[in-house]
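Biologist: I've just opened this one, so could you walk me through it, starting with the pockets?

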Amino acid sequence: MFVETEEFARRLEEMGELEQQAAYEAVGRWFAEHADKITHHTHLAPVHTATTVRLDGAEPMITDGPFVEGKEVVSGFAEVEVADLDEALRLARSWPACPVVEIRPAS
């Protein structure tokens, strides 16, 4: 999962058009370079579009917004097929965008 921080979002927003274009092109190159391992990926809509359903009370509670409070939000994910955690870590280290990448096995 690609995790965006407030600082990263602010830096991206402050970039000029050409600098933003270069940043997006770097992400495109990353996906192209690793296409043989990526089985699915998507970019999520902005956090303000989220709706959360909490099922831990007597009745489900539906709220607008992300599932957690914080300064970091999941902005997208890629499902990759790799041999082991070491290979997943090599891919994560080469990610050119958001400053946090969470690796989680799929069940």
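Modeller: One term before the pockets: helices (H or I, at least four residues) and strands (E, at least two) are DSSP runs, numbered from the N terminus. This is a predicted model, in which local features need pLDDT of at least 70 and side-chain atom pairs count only at 80 or more, while totals for chains, interfaces and linings use all residues. Residues are numbered from 1 along each chain as its sequence is written, and side-chain values use heavy atoms, without hydrogens or water.

Biologist: OK, so which elements each supply at least two residues of the lining of the largest pocket?

Modeller: They are β1 (2-5), α1 (6-14), α2 (17-33), β2 (38-43) and β5 (72-80). A pocket here is an open set of points on a 1 Å grid over the protein atoms alone, where a 1.4 Å probe fits and protein lies on both sides within 12 Å along at least five of seven lines, and lining residues have an atom within 4 Å of a point.

Biologist: And which residues lie nearest its centre?

Modeller: The largest pocket has 28 lining residues, and those nearest its centre are E4, L12, H43, S75 and C98.

Biologist: What does C98 touch?

Modeller: Setting aside residues up to four places away in sequence, C98 touches F2, V3, E4, F8 and S75, where contact means heavy atoms within 4.5 Å. E4 and S75 therefore appear both among these contacts of C98 and among the residues nearest the centre of the largest pocket, taking lining residues as those with an atom within 4 Å of a point.

Biologist: What about the second largest pocket, which residues line it near the centre?

Modeller: The second largest pocket is lined by 19 residues, with M1, A78, E79, V80 and R104 lying nearest its centre. Two elements, β5 and α3 (85-93), give two or more residues to that lining.

Biologist: Switching topic: which residues make up the largest nonpolar core?

Modeller: That core has eleven residues, namely F2, F8, L12, V27, W30, F31, I38, A78, L91, W95 and C98. A nonpolar core is a set of buried Ala, Val, Leu, Ile, Met, Phe, Trp, Tyr and Cys residues joined through side-chain atoms within 4.5 Å, with buried meaning under 20% relative accessible area, exposed over 50%, and partly exposed in between (1.4 Å probe, protein chains only).

Biologist: Which element gives the largest share of it?

Modeller: The elements that give two or more residues to this core are α1 and α2, and α2 provides the largest share, with three residues. L12 belongs to the core and is also one of the residues nearest the centre of the largest pocket, while A78 is a core residue that lies nearest the centre of the second largest pocket together with four others.

Biologist: Now the sheet. What order do the strands have?

Modeller: The order is β2-β5-β1-β6 in an open sheet of four strands, and the pairing is antiparallel; two strands pair if DSSP finds at least two bridges between them. β2 and β6 (100-101) are at the edges with a single partner strand each, so one side of each has no neighbour in the sheet.

Biologist: How many bridges join β1 to β5, and how many pair β1 with β6?

Modeller: β1 and β5 run antiparallel and are joined by four bridges, with T5 opposite E72 and F2 opposite G76. β1 also pairs with β6 in the antiparallel sense, over two bridges, and there F2 has V101 as its bridge partner.

Biologist: What joins β3 to β4?

Modeller: A hairpin of six residues joins β3 to β4. Strand β3 (residues 51-54) and strand β4 (residues 61-64) pair in the antiparallel sense over four bridges, and D64 in β4 is the bridge partner of T51.

Biologist: A couple of single residues, then: is H34 buried or exposed?

Modeller: H34, in the loop between α2 and β2, counts as buried because its relative accessibility is 13%. Apart from neighbours within four places in sequence, H34 is in contact with L91 and S94, and L91 is one of the core residues.

Biologist: And L85, buried or exposed?

Modeller: L85 lies in helix α3 and counts as exposed because its relative accessibility is 53%. L85 and F31 are 54 residues apart in sequence and 19 Å apart in space, C-alpha to C-alpha.

Biologist: Last one: how many helices and strands does the chain come to?

Modeller: The chain has three helices and six strands, running β-α-α-β-β-β-β-α-β from the N terminus. Buried residues make up 21% of its 107 residues, and 65% of the contacts with a separation of 6 or more are between residues 24 or more positions apart. The C-alpha atoms fill a box of roughly 50 × 40 × 20 Å, taken along the principal axes.
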